[in-house]
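Open the model in your viewer and keep the sequence beside it. Each stop below says what to select and what is found there.

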Amino acid sequence: MSASNSIGFIGLGVMGEPICRNLLKKSGRPVVAFDLAKEPLARMQNDGARVAPSIAAVIQQADVVFYCLPSGKHVRSLFEDHGGVLEHVRAGQTIVDLGTSPVGLTRELATRVEAKGASFADAPIARTREAAINGTLSVMVGATPELFAKIEPLIRHFATEVTNCGGTGAGQVTKILNNMVLFQTVNALCEAAGIARRSGVDPKLLFETLSKGSADSFALRNHGLKAVIPGEFPERAFSTEYALKDLSYALDLAKDIDLDVPGAELAGEVLQKAIDAGFGGAYWPVIAKVVDRS
């Protein structure tokens with residue numbers, strides 16, 4: 001397989017697998033994939049991807065490598081462990097982070113990758129798993145204009161909105177703040193649903209009515225009407241633990257610039273209550289259960 005024509009993909013989780021599948025089906029380029037779990041690898045292989053035996057094999061075989069991992073801890077391991085990215089990355093390659101990672105770590109790893117003559121872009125994804133399947137994600141990129149021009153056509157295979165937010169780390173800052181606003185919005189929706197229910201108003205009717213007025217939002221139409229109202233909070237979706245992890249990145253950014261963010265802190269407290277109540281692995285709008293119990 002020619003490295004100059006291949007796409008590498010590491011991390012076939014809830015979002016990574018459908019993103020990888022869209023790249024495979026739409027890019028017209030060979031895709032070599034790796035994950036620790038056998039099941040998504042088998043599905044991707046059945047779809048025509050080449051399965052790599054290791055991270056090193058992906059790096060060695062691909063020109064552009066995407067990865068989609070759950071946390072900064074996993075990202076650091078990907079880069080620094082034996083057989084990882086920093087050991088095998090070579091001049092001319094492009095490494096793209098699709099996950100939500102700490103800004104400081106992102107900028108550190110970019111510097112280390114660029115020291116080896118390769119390029120690095122942070123391109124965290126936003127929207128739902130359904131959007132990942134349909135190829136309608138929003139992607140917030142931190143990259144030079146030249147690097148953005150190189151990777152945007154590939155990102156367009158799984159996203160309809162692709163924004164260059166600035167230099168290295170700017171994509172992460174934008175995505176982290178996107179999630180901060182989302183968590184606070186859904187918390188407000190959960191509070192509204194609880195008040196409506198105890199006041200004799202159907203929460204579904206409330207949300208449908210709000211969607212026709214100034215309180216309408218993506219959060220209301222997706223997280224509110226599709227999760228909070230039916231009470232559907234599946235496992236193997238974006239979990240409460242992941243949500244709190246992402247929010248912690250926003251709180252760290254605020255701390256770094258000495259800015260008080262009481263709304264975000266409150267959202268973090270609610271997420272922690274949901275985890276303490278045993279909902280850590282459930283789809284994070286499960287905070288509705290915690291709010292309604294208060």
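The tour goes from a strand to a charged residue, then to salt bridges and a helix.

This is a predicted model, in which local features need pLDDT of at least 70 and side-chain atom pairs count only at pLDDT 80 or more, while totals for chains, interfaces and linings use all residues. Residues are numbered from 1 along each chain as its sequence is written, and side-chain values use heavy atoms, with hydrogens and water left out.

**Stop 1: strand β8**

Select residues 137-142, which form strand β8. Helices (H or I, at least four residues) and strands (E, at least two) are DSSP runs, numbered from the N terminus. Six of the six residues of β8 are buried, so the strand is largely enclosed by the rest of the structure. Buried means under 20% relative accessible area, exposed means over 50%, and partly exposed lies in between (1.4 Å probe, protein chains only).

Now show the side chains. In a regular strand they alternate between the two faces of the sheet. From β8, L137, V139 and V141 point one way, and S138, M140 and G142 point the other way.

Which strands pair with β8? Add residues 125-126, strand β7: its pairing with β8 is antiparallel, over two bridges. Two strands pair if DSSP finds at least two bridges between them. I125 has V139 as its bridge partner in β8. Next add residues 159-166, strand β9, which runs parallel to β8 and is joined to it by six bridges. Here S138 has E161 as its bridge partner in β9.

Add helix α8 (residues 145-155) to the selection: β8, α8 and β9 make a right-handed β-α-β unit. Right-handed means that, with the strands pointing away from the viewer, the path from the first strand over the helix to the second runs clockwise.

**Stop 2: D122**

Select D122, in strand β6 (residues 119-122). What is the nearest side chain of opposite charge to D122? It is R107, 7.0 Å away, and D122 is buried without a salt bridge. Lys and Arg count as positive and Asp and Glu as negative, while His and the chain ends are not counted. A salt bridge needs a side-chain nitrogen of Lys or Arg within 4 Å of a carboxyl oxygen of Asp or Glu.

A polar atom of the D122 side chain lies 2.9 Å from the backbone nitrogen of G169. Beyond the neighbours within four places in sequence, D122 has contacts (heavy atoms within 4.5 Å) that include M140, V141 and G142.

**Stop 3: salt bridges**

How many salt bridges does a search of the whole structure find? The search finds 13.

- Select R112 and E108, whose side chains meet at 3.0 Å, N to O. Being four residues apart in helix α6 (residues 103-114), they are separated by about one helical turn. R112 is partly exposed at 32%, and E108 is partly exposed at 28%.
- Select R156 and E152, which also form a salt bridge, at 3.0 Å, N to O. R156 is partly exposed at 37%, as is E152 at 21%.
- Select D246 and K245, with a salt bridge of 2.6 Å, N to O. D246 is buried at 1%, and K245 is buried at 15%.

**Stop 4: L182**

Select L182, in helix α9 (residues 170-198). L182 is buried, with a relative accessible area of 17%. Leaving aside neighbours within four places in sequence, L182 is in contact with A219, H223 and W284.

Key. Polar contact = N/O pair within 3.5 Å; in protein donor to acceptor, adjacent residues only side chain to side chain.
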